[in-house]
Amino acid sequence: VTKPVPVMASLPTITRECAVTATDIPVPTANDNCAGTLTGTTTDALTYSEQGSYTINWMYNDGNGNTTTQQQTIVVDDVTAPVPTIASLPTITKECVVTATDIPVPTATDNCVGIITATTTDALIYAVQGTYTINWTYNDGHGNVTTQQQTIVVDDITKPVPVMASLPTITRECAVTATDIPVPTATDNCVGVITATTTDALTYTVQGTYTINWTYNDGNGNTTTQQQTIVVDDVTAPVPTIASLPTITR
């Protein structure tokens with residue numbers, strides 16, 4: 001009439017982060033006055049791979065109609081945050097624009113999930129000059145989150161390149177006007193075609209040699225200057241109205 005007596009008065013809670021398997025759970029025993037050592041049995045699962053707390057009901061049966069039950073708590077609780085694959089994300093610098101294809105999506109390694117791909121709510125396209133920050137998040141789905149920041153820089157450092165390496169000298173005999181001077185252009189890596197500007201005069205009516213200073217400005221802090229020579233030089237002699245003056249006889 002004596003029930004088995006568990007060897008351990010209270011079974012220990014077994015905690016793992018990702019999963020508890022049968023090999024993690026030592027089968028408990030009990031001492032019986034007649035049968036001796038009894039091994040516990042259970043109809044409950046011995047493998048738990050989902051996060052949560054579970055209970056295993058162990059039974060000791062001496063075969064003589066006497067049974068003792070004992071409960072054991074099983075806990076699957078992931079408390080380890082994902083670890084970024086790259087400890088410090090590299091700064092990504094482009095001159096004109098940074099697009100999603102320029103930004104490799106970073107990853108992290110998680111003790112339970114494995115490889116986790118980062119997510120972000122920040123933009124992945126930056127077309128305006130400046131410095132930006134992308135906030136990446138690694139979430140293992142078990143309540144553990146790691147964040148990581150990445151710097152994005154859009155910085156145009158390339159100057160416009162004049163279409164003509166050397167601007168031609170413009171020579172007229174009497175006057176040079178704006179219609180005589182084609183406005184030069186340059187090609188810029190970000191802006192494309194840039195039309196030159198100048199604060200110098202575009203009309204010259206006095207004999208002499210002049211210089212026009214052209215400026216190509218890409219709007220991103222890069223300028224190129226180019227000079228052009230203007231010459232007003234009358235080289236044509238007067239033409240007599242009468243090719244041969246008449247002899248005057250009196």
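Trainee: Where is the place of D110 in this structure?
Mentor: Good starting point! Keep in mind that this is a predicted model. The place of D110 is in a strand made of residues 107-110, namely β9.

Trainee: Is D110 buried or exposed, and which side chain of opposite charge is nearest?
Mentor: D110 is buried, and no salt bridge is found for it. A salt bridge would need a charged nitrogen within 4 Å of a carboxyl oxygen. The nearest side chain of opposite charge is 15 Å away, and it belongs to R16.

Trainee: Which backbone nitrogen does the side chain of D110 reach at 2.9 Å?
Mentor: Let's look at two contacts in turn. The side chain of D110 reaches the backbone nitrogen of C112 at 3.0 Å. At 2.9 Å, the side chain of D110 reaches the backbone nitrogen of V113.

Trainee: Which residues does D110 touch, not counting those up to four places away in sequence?
Mentor: Leaving those neighbours out, we can read the contacts of D110 along the chain. They are D78, T80, A81, P82, I116 and D140.

Trainee: C112 came up just now. Which cysteine does a disulfide join to C112?
Mentor: The S to S distance in this disulfide is 1.9 Å, and the link is left-handed, with -85° about the S-S bond. The pair links distant parts of the chain, 94 residues apart, with C112 in the loop between β9 and β10 and its partner in the loop between β2 and β3. That partner is C18.

Trainee: How many disulfides are there, and what is the pairing in sequence order?
Mentor: Besides the link of C18 and C112, C96 and C190 form a disulfide with sulfur atoms 1.9 Å apart. C96 lies in the loop between β8 and β9 and C190 in the loop between β15 and β16, so this pair ties together parts 94 residues apart in sequence. The count comes to 2 disulfides, and with the bonded cysteines numbered in sequence order, the pairing is 1-3, 2-4.

Trainee: Why does C190 count as partly exposed?
Mentor: Partly exposed covers the range between the buried limit of 20% and the exposed limit of 50% relative accessible area. C190 falls in that range because its relative accessibility is 27%.

Trainee: What is the distance in space between T119 and T137, C-alpha to C-alpha?
Mentor: T119 sits in the loop between β10 and β11. Leaving aside neighbours within four places in sequence, T119 is in contact with N135, W136 and T137. T119 and T137 are 18 residues apart in sequence, while their C-alpha distance in space is 5.3 Å.

Conventions
Residues numbered from 1 in each chain as written. Predicted model: local features only at pLDDT ≥ 70, side-chain atom pairs only at ≥ 80, totals over all residues. Heavy atoms only, no water. Helix = DSSP H or I, 4+ residues; strand = E, 2+ residues; numbered from the N terminus. Buried < 20%, exposed > 50% of the residue type's maximum accessible area, 1.4 Å probe, protein only. Lys, Arg positive; Asp, Glu negative; His and termini not counted. Polar contact = N/O pair within 3.5 Å; in protein donor to acceptor, adjacent residues only side chain to side chain. Contact = heavy atoms within 4.5 Å. Disulfide = S-S within 2.5 Å.
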